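User: I've got this model open and would like a close look at one part of it, then a walk through how that part sits in the rest. Here it is.

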Amino acid sequence: MSLMETFFGAGVPPLVVLGVVAGSYVLGCFSTGYYLVRKGTGQDIRELGSGSTGARNAGRVLGRRGFWLTMAGDLAKGALAVWLAQELTGNDRVALLAWLAVVAGHVWPAQLGFRGGKGVSTSLAGLLIYDWRLALIYILLFLAGLALMRRSVAASLAAYALLPAASWRLGGDETQIWGICVLAGLVIMAHHRNVVEGIAELWSRRGVGPQSEQSVKEL
């Protein structure tokens, strides 16, 4: 039995796995906010506002319509990638790789010089298709964190950091838990600027280190 068969089980051809993963990455690379802003204003959204191609930054440039169109596009590609992987292979491990690949494509789109969004909407839509129980737990953790910290980004990242433990508590296998660890790390890495600014802000409140110029606001 080959390594691929050992990991994915019999009946899933290696070329199908590679095709699903590559296709999911390419799908993730379609940065809705970037193309909407480029078409509507001729500008590069990555040079505006927070520099993200996500819905909130698109909303700053294009208004409410731009926000909702970008949100819809980012949600759709996350859900579509995982759903197609499940439909084509019926294999949860392939679906997990598709989920990671579509988020990676959103955060690091090759055609845009690997500068994209932050992966929250795309990853949550994929999570909803992959395991709705984990999506529900994420929402509950996020709301609890928001009530405690009053910061949407901090609450979101804390919820992501706790998702592997939630997967373990629900009886997820080792592969699923490690995959969710990678996903959480990917999203947190995409928010590295927010994390640094948040730490600087906490230091400034305690009188340690320089005052942060911008508090954590971006999701």
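In which loop is Arg150 found? Please start there and then take me through the packing of the helices.

Analyst: Keep in mind that this is a predicted model. Arg150 sits in the loop between α8 and α9. Its backbone stands out: Arg150 has a positive phi of about 60 degrees although it is not a glycine. Most residues other than glycine have a negative phi. As for the surroundings, Arg150 is exposed, with a relative accessible area of 69%.

Another residue invites the same kind of look. Phe114, in the loop between α6 and α7, takes a positive phi of about 60 degrees and isn't a glycine either. There's also Gly63, just after α4, with a positive phi of about 85 degrees. Helix α4 itself covers residues 55-62, and its buried residues are Ala55, Asn57, Ala58 and Gly59. Those buried residues pack against α3 (32-41) and α5.

Back to the helices on either side of Arg150. Both α8 (132-149) and α9 (152-169) supply at least two residues each to the largest nonpolar core, which has 36 residues. Also giving at least two each are α2 (14-28), α5 (64-89), α6 (92-107), α7 (120-130) and α10 (174-190). The largest share, 10 residues, comes from α6. The residues with the most contacts inside this core are Trp99, Val103, Leu127, Tyr138, Tyr160, Leu163 and Leu183. Take Val103: leaving aside residues up to four places away in sequence, it touches Gly119, Thr122, Ser123, Leu183 and Leu186. A second, separate core has five residues, including Tyr34, Val37, Ile45 and Leu112.

Since α6 gives the largest share of the big core, its pairing with α2 is worth a stop. The axes of the two helices, α2 and α6, come within 6 Å and cross at roughly 30 degrees. That angle is under 35 degrees, so α2 counts as roughly parallel to α6. The crossing of α2 past α6 is right-handed. On the α2 side, the residues that meet α6 are Val17, Val20, Val21, Ser24, Tyr25, Leu27 and Gly28. Across from them, α6 brings in Val94, Leu97, Ala98, Ala101, Val102, Ala104, Gly105 and His106. Sorted by type, the residues of this contact come out as 11 nonpolar, four polar and no charged.

Conventions
Residues are numbered from 1 along each chain as its sequence is written. This is a predicted model: local features need pLDDT of at least 70, side-chain atom pairs count only at pLDDT 80 or more; totals for chains, interfaces and linings use all residues. Side-chain values use heavy atoms; hydrogens and water are left out. A nonpolar core is a set of buried Ala, Val, Leu, Ile, Met, Phe, Trp, Tyr and Cys residues joined through side-chain atoms within 4.5 Å. Buried means under 20% relative accessible area, exposed over 50%, partly exposed in between (1.4 Å probe, protein chains only). Helices (H or I, at least four residues) and strands (E, at least two) are DSSP runs, numbered from the N terminus. Contact means heavy atoms within 4.5 Å. Axes are lines fitted to C-alpha atoms, for helices over the stretch in contact, and angles run from 0 to 180 degrees between N-to-C directions. Angles under 35 degrees count as roughly parallel, over 145 as roughly antiparallel, 65 to 115 as roughly perpendicular and the rest as oblique. A crossing is left-handed if the near helix is turned anticlockwise from the far one by less than a right angle, and right-handed if clockwise. Ala, Val, Leu, Ile, Met, Phe, Trp, Tyr, Cys and Pro count as nonpolar, Asp, Glu, Lys and Arg as charged, and the others, Gly among them, as polar.
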